[in-house]
Amino acid sequence: MMKGFLNRDRFLSVLENVNIWDVIIIGGGATGLGIALDSSSRGYKTLLLEQSDFSKATSSRSTKLVHGGIRYLAQGNIRLVYEALRERGFLLKNAPHLVKKQKFIIPVFSWKMGIMYWTGLKLYEWLSGSFSFGKSKFLSKTEIVRNFPEIKSNELKGGILYYDGQFDDARLAINLAQTCVQKGGILLNYFQVKNLLKKVGDKISGVVAYDLETKKKYSISSKVVINATGVFSDSISIMDKSTSSIFIKPSQGTHIVLNKSFFSSSNAIVIPKTSDGRVLFCIPWYDHVLVGTTDTFLEKSVLEPKPLEEEINFILQTFNKYFVLHIKKSDILSAFSGLRPLFVPNNSFYNTTKTKNISRNHQLMISSSGLISVIGGKWTTYRKMAEDTVNKAIDIGKLIKKPSVTKNLKIYGSCSSYKNQNHHWNKYGEDEYHIKKLIEKNPLLGVPLISKNSSSYYYTEAEVVWMVRYEMARTIEDVLARRFRLLFLNAKKAIDIAPRVATLMAKELSRDDKWEKSQVAAFKKLAMQYYYPEI
């Protein structure tokens, strides 16, 4: 068995044979997976527990950007932008199969604003230093219209081209998990932490966790416990019962996905100042166009947030203001929301109307019991967040000091010597070879899940088998939302192929007809939240 494959049964067997872990991480999103990788690659005995699937919540619902954040530059947060631009460079180097350079264009409708954007983007480029993705330049009105034939050009003066990064967030999460396993880490999905273990002096000594599949309860000892549950950090803090308080304000970001006929350019566009002062991106993604995002304060965190009517309307209205083709709700192929875990230093002075002004810097909080909580941050800086957290864990858990090695650590999948031109296979890296071997052994697994004339949705049965056997996919949603990304691209097509995926998975997981039917019903109910059928 190749090292790096995710195998839940093997991981459970290891769990039952380890007396005490060096580090336990609660939460399997970008932050938790990054910490698990940093910890295991330093040689610490590392266990990660995730109550759902890896990257189920916030980490699979981003704008798919690896970026410094031009908006944060406008807010004067130079340090965050500088750090993020460096991390962007490390990600491109370490995961070239998933991260790519992308051209972005800001249209200019007034010369005054144009000068301001030009100055800002030159600073952005300068801050990236040797990690630069390319030089920004001014484009004429004619060049902008050539790039974006659908743009309204009556007041257009020109535009500025700059470079940033794009990636597949959920696929990177799986690859981080695989890299962690290569380094000796153990990760379990559908494994819920129910309580914290404490020893004399009220210091944390481990967790009580429950396997949601086997219904078995575990008491697991560890030298240090890290709370990397993002918007759900409060729930772990409550288990801690310490005097420390975590102030998190969840902010919802919503995106819609459209057919590429509405936006034919291979370049992305940034609307820098919308009606409410936010930035709106239109980005080509897997043969579709992703449009977003919003920034809406919510009262509480939920695992499956729903796009709000006003968010959808805001995105549609803003898009229609700048583009000739008028889009309506029924044109939306999928709409999804994610929650940002924004750290608020002083809860009492929080202004609920200004979520866009809250810093995206990450914060480490240490409770009196020794629980480490990581709050805030963003996908691009996951590696730096992890390094800072493990450095703190070394002190708290009195671990033998070892330096972080992740700046130069290749992410699983990046070592493929064969670069396929079909972007569908690129995301698998070297696993493309193994999946195609499955098809060689059983040609029937090469059958497309969606009709052959659908070039935008090229998925094979072999990939489903692979995802169950070697990527720990346990539900239809795991496959169609996070490993294929189809739920995020076209909710109706995801509903259409759910029964076939269920049959393939049931065979691999030794499940019965009842399981298949309940899985299909649950997935259809979920997918309808992403779907805007013609009324």
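These are my notebook entries on a predicted model, going through it feature by feature.

**Entry 1: a hairpin**

I began with strands β17 and β18. β17 covers residues 362-366 and β18 covers residues 372-376; the two run antiparallel and are joined by five bridges. Looking for a cross-strand pair, I found Leu364 standing opposite Val374 in β18. The two strands form a hairpin, and five residues sit between them. In that turn I checked Gly370, which has a positive phi of about 100 degrees.

**Entry 2: the two sides of α12**

Next I went to helix α12, residues 431-441. Which residues of α12 are buried? I get Asp431, Glu432, Ile435 and Leu438. They lie on the same side of α12, because the arc they cover around the axis is only 120 degrees. A reminder to myself: an α-helix has 3.6 residues a turn, so residues three or four places apart point the same way. The face turned away from the buried side carries Tyr433, Glu440 and Lys441, which are exposed. What do the buried residues of α12 pack against? Their partners are α7 (169-182), α11 (423-426) and α13 (461-470).

**Entry 3: a nonpolar patch**

I then looked at the surface. Ile78, Leu123 and Trp126 form a nonpolar patch there, and together they have about 320 Å² of accessible area. I followed up on Ile78, which lies in helix α4 (residues 78-94). Its relative accessibility is 35%, so Ile78 counts as partly exposed.

**Entry 4: Arg485**

Is Arg485 buried or exposed? Arg485 comes out at 0% relative accessibility, so I log it as buried, the cut-off being under 20%. Its place is in the loop between α14 (476-483) and α15 (486-489). I listed its contacts, leaving aside neighbours within four places in sequence: Ser60, Lys64, Asp168, Asp169, Ala170, Trp285, Tyr286, Val479 and Leu480. Tyr286 from that list comes back in Entry 7.

**Entry 5: salt bridges**

How many salt bridges does the structure hold? The count is 35. I opened a few of them.

- Lys329 and Glu309 meet through their side chains at 2.0 Å, N to O. Lys329 is in the loop between α9 (309-322) and β16 (334-343) while Glu309 is in helix α9, so the pair ties together parts that are 20 residues apart in sequence. Lys329 counts as partly exposed at 26% relative accessibility, and Glu309 counts as partly exposed at 45%.
- Asp331 and Lys328 meet in a salt bridge at 3.7 Å, N to O. Asp331 is buried, with a relative accessible area of 17%, whereas Lys328 is partly exposed, with 43%.
- Glu477 pairs with Arg482, and their closest N and O atoms are 3.0 Å apart. Both of these residues are buried. Following shared partners from here, I get one network that joins Asp53, Lys56, Arg61, Glu304, Glu477, Asp478, Arg482 and Arg483.

**Entry 6: Ile315 and what surrounds it**

Back to helix α9, where Ile315 has its place. Ile315 is buried, with a relative accessible area of 0%. What is in contact with Ile315, leaving aside its neighbours within four places in sequence? I find Thr254, His255, Ile256, Leu280, Val291, Gly292 and Thr294. For His255 I also took the C-alpha to C-alpha distance to Ile315: 7.9 Å in space, with the two residues 60 apart in sequence.

Gly292 from that contact list turned up again in my backbone check. A cis peptide bond joins Gly292 and Thr293, with omega about 15 degrees. Thr293 lies in the loop between β14 (288-292) and β15 (296-297).

**Entry 7: positive phi outside glycine**

Last, the phi angles. Most residues other than glycine have a negative phi, and most peptide bonds are trans. I noted two residues here.

- Lys215 has a positive phi of about 65 degrees although it is not a glycine. I found Lys215 in the loop between β9 (203-211) and β10 (217-227). At 55% relative accessibility, Lys215 counts as exposed.
- Tyr286 is not a glycine, yet has a positive phi of about 45 degrees. Tyr286 lies in the loop between β13 (280-285) and β14, and is among the contacts of Arg485 from Entry 4.

How values were computed
Residues are numbered from 1 along each chain as its sequence is written. This is a predicted model: local features need pLDDT of at least 70, side-chain atom pairs count only at pLDDT 80 or more; totals for chains, interfaces and linings use all residues. Side-chain values use heavy atoms; hydrogens and water are left out. Two strands pair if DSSP finds at least two bridges between them. Helices (H or I, at least four residues) and strands (E, at least two) are DSSP runs, numbered from the N terminus. Buried means under 20% relative accessible area, exposed over 50%, partly exposed in between (1.4 Å probe, protein chains only). The arc is that of the directions from the helix axis to the C-beta atoms. Contact means heavy atoms within 4.5 Å. Patches are made of residues with over 30% relative accessible area and no salt bridge: like charges are joined within 9 Å, nonpolar side chains (Val, Leu, Ile, Met, Phe, Trp, Tyr) within 5 Å. Accessible areas come from the Shrake-Rupley method with a 1.4 Å probe; for residues, only the protein chains shown count as cover. A salt bridge is a side-chain nitrogen of Lys or Arg within 4 Å of a carboxyl oxygen of Asp or Glu.
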